[in-house]
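Welcome, and thanks for taking a look at this one with us. Here is a short briefing to read alongside the sequence and the 3D view.

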Amino acid sequence: MTESITITDNRTGNQLEIPIAHGGVSAAEWQKLLPGIWFYDPGLTTTAVCESTITFVDGENGVLRYRGYPIEELAEHSSYLEVAYLLLHGELPDAEQFDKWRHEVTMHTYIHENVRKRFLEGFHYDAHPMGMLVSAVAALSTFYLDAKDIFDLDLRAKQITRLIAKMPTLAAAAHRFSVGMPFVYPDNSLDFCANFLSMMWKVAEPRFDANPTLARALDILFILHADHEQNCSTTAMRVVGSSHADPYSCCAAACAALYGPRHGGANEEVIRMLTEIGSMDNVPAFVEEVKQGHGRLQGFGHRVYKNYDPRAKIIKRTADEVFAITGKNPLLDIALKLEDIALNDEYFTSRRLYPNVDFYSGLIYQAMGFPLEMFPVLFAIPRTSGWLAHWQELLDQDSKIVRPRQLFVGAEPRAYVPIDER
Ligand code: ACO
């Protein structure tokens with residue numbers, strides 16, 4: 001039997017039965033009975049904006065799967081580049097497809113000299129690297145005019161490769177500029193993460209060989225951050241994409257959404273919060289403050305997960321491997337105590353607030369030497385593959401331009417009053 005709901009318009013008594021499909025009901029059906037009556041849903045908390053085959057999240061049970069593959073298995077056995085292919089193509093690549101994909105990404109890591117010399121170096125010396133990244137990604141659209149041809153599938157694939165390949169180069173360039181270090185060109189003999197670490201940290205050595213454990217840890221973090229269905233930045237990507245803007249402009253919008261402390265800036269906030277707490281003894285008082293409504297426990301809570309974020313579990317394990325190389329981040333003990341107190345406190349348990357992906361990722365990034373300002377940038381690098389997978393899906397769905405409605409609660413019509421009569 002098909003499941004359905006029946007709605008009644010109490011003004012007229014008219015009724016309409018709407019089938020429930022894939023856990024949702026069609027707003028188009030609703031409109032047949034109630035034209036001009038809108039769903040009031042700020043934050044889109046109960047609205048499904050699309051059908052998608054990319055990522056499955058079950059927030060109640062803490063489940064995350066990309067194209068059907070559990071995140072735990074991908075984090076253990078796969079690599080970021082393979083996951084990016086999976087997100088974009090729907091299937092894992094065979095050996096030949098993967099070699100080709102890796103080769104293409106590697107060959108597109110260079111950025112136009114003008115992007116670096118004239119554009120990035122034009123920023124103020126203390127520019128935030130995420131602000132630089134947002135702008136640089138947008139600027140790329142002026143370098144690749146063929147990007148506007150979004151329905152040419154070969155050109156579309158080319159822009160996707162370019163964006164995934166150039167993100168680490170732009171990210172490292174933004175960092176080097178902000179610390180006054182010379183730009184390091186990509187080393188195409190290195191794999192994706194080792195190359196990024198080389199562009200970040202190389203000084204005078206002929207070749208920078210990243211510690212393999214740290215490169216692998218970064219790869220795992222990139223896998224975990226590659227996609228998360230209709231989050232704020234992916235929604236920005238889809239909204240701008242629905243106007244048929246080029247992918248660089250869409251990605252710049254998504255990057256901008258990721259910049260905010262409620263989204264990609266949260267792990268930076270976690271480190272600031274742990275630093276402010278300062279010692280294990282101060283943790284209980286800090287938790288009390290949060291419960292009194294003074295601020296939030298950063299890295300806790302999630303719109304979708306009402307259980308332990310599965311990515312946080314994997315990150316916690318990865319943190320141990322990283323700290324074995326770098327030495328323990330002194331903030332770790334504060335974080336562990338905070339987690340322990342919160343997970344046993346009625347305020348947090350009744351609201352189902354658990355650590356999210358950002359609670360531990362910042363500790364790892366900091367131990368690896370990344371400055372706080374780079375944290376959202378480190379998020380943007382892998383999330384680019386998720387954004388592009390959604391953008392591609394959107395274009396293939398013949399979707400409408402996104403144009404929501406509002407409930408107008410402003411002034412009634414009134415006559416203009418000249419300034420000297422006000
Ligand atoms: N600390 C303390 N209380 C919290 C927290 C928190 N981190 N998060 C939510 N709450 C409380 C709210 O005060 C509210 O309580 P109330 O019902 O008594 O008013 C209740 O829990 C529900 O909170 P909402 O804000 O309605 O939850 P929402 O789903 O809108 O917010 C969000 C989700 C933005 C992630 C929120 O939990 C938060 O601000 N967390 C801290 C920032 C953070 O870690 N962001 C990273 C998210 S993951 C990511 O983007 C990759």
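W38, Y40, L407 and V409 make a nonpolar surface patch of about 470 Å². Please keep in mind that this is a predicted model. The points below start from that patch, then turn to the ligand and the salt bridges.

**The nonpolar patch**
- Within the patch, L407 is a handy residue to pick out: L407 is found in the segment after α18, the helix that spans 375-396.
- L407 has a relative accessible area of 41% and is therefore partly exposed, since that class lies between the 20% and 50% cut-offs.

**Around the ligand**
- The ligand is surrounded by 19 residues, and the closest are R296, L297, G299, F300 and N356.
- Sorted by class, this shell holds eight nonpolar, six polar and five charged residues.
- Two side chains approach oxygen atoms of the ligand: R351 places a polar atom 2.9 Å from an oxygen atom, and N356 has a side-chain N or O atom 2.9 Å from an oxygen atom.
- Y347 meets a nitrogen atom of the ligand instead, with a side-chain N or O atom at 3.3 Å.
- On its own the ligand has 920 Å² of accessible area, and the protein covers 71% of that.

**A buried salt bridge between helices**
- Across the whole structure, a search finds 19 salt bridges.
- One of these joins the side chains of E393 and R238, with an N to O distance of 2.6 Å.
- E393 belongs to helix α18 and R238 to helix α10 (residues 232-241), so this pair ties together parts that are 155 residues apart in sequence.
- Both E393 and R238 are buried.

**Salt bridges with partly exposed partners**
- In helix α13 (residues 283-291), E288 and K291 are three residues apart, which means that about one helical turn separates them.
- Their side chains meet in a salt bridge at 3.2 Å, N to O.
- E288 counts as partly exposed at 38% relative accessibility, and K291 also counts as partly exposed, at 27%.
- K328 and D333 form another salt bridge, where the closest N and O atoms are 3.0 Å apart.
- K328, at 48% relative accessibility, counts as partly exposed, as does D333 at 30%.

**A linked network**
- Side chains of opposite charge can pair when their charged atoms come close.
- E113, R116, K117 and E121 go beyond a single pair, being linked in a network of salt bridges.

Conventions:
Residues are numbered from 1 along each chain as its sequence is written. This is a predicted model: local features need pLDDT of at least 70, side-chain atom pairs count only at pLDDT 80 or more; totals for chains, interfaces and linings use all residues. Side-chain values use heavy atoms; hydrogens and water are left out. A residue is near a molecule or strand if one of its heavy atoms lies within 4 Å of it. A polar contact is a pair of N or O atoms within 3.5 Å; within protein, one must be able to donate a hydrogen and the other to accept it, and residues adjacent in sequence count only if both atoms are side-chain atoms. Accessible areas come from the Shrake-Rupley method with a 1.4 Å probe; for residues, only the protein chains shown count as cover. Ala, Val, Leu, Ile, Met, Phe, Trp, Tyr, Cys and Pro count as nonpolar, Asp, Glu, Lys and Arg as charged, and the others, Gly among them, as polar. Patches are made of residues with over 30% relative accessible area and no salt bridge: like charges are joined within 9 Å, nonpolar side chains (Val, Leu, Ile, Met, Phe, Trp, Tyr) within 5 Å. A salt bridge is a side-chain nitrogen of Lys or Arg within 4 Å of a carboxyl oxygen of Asp or Glu. Helices (H or I, at least four residues) and strands (E, at least two) are DSSP runs, numbered from the N terminus. Buried means under 20% relative accessible area, exposed over 50%, partly exposed in between (1.4 Å probe, protein chains only).
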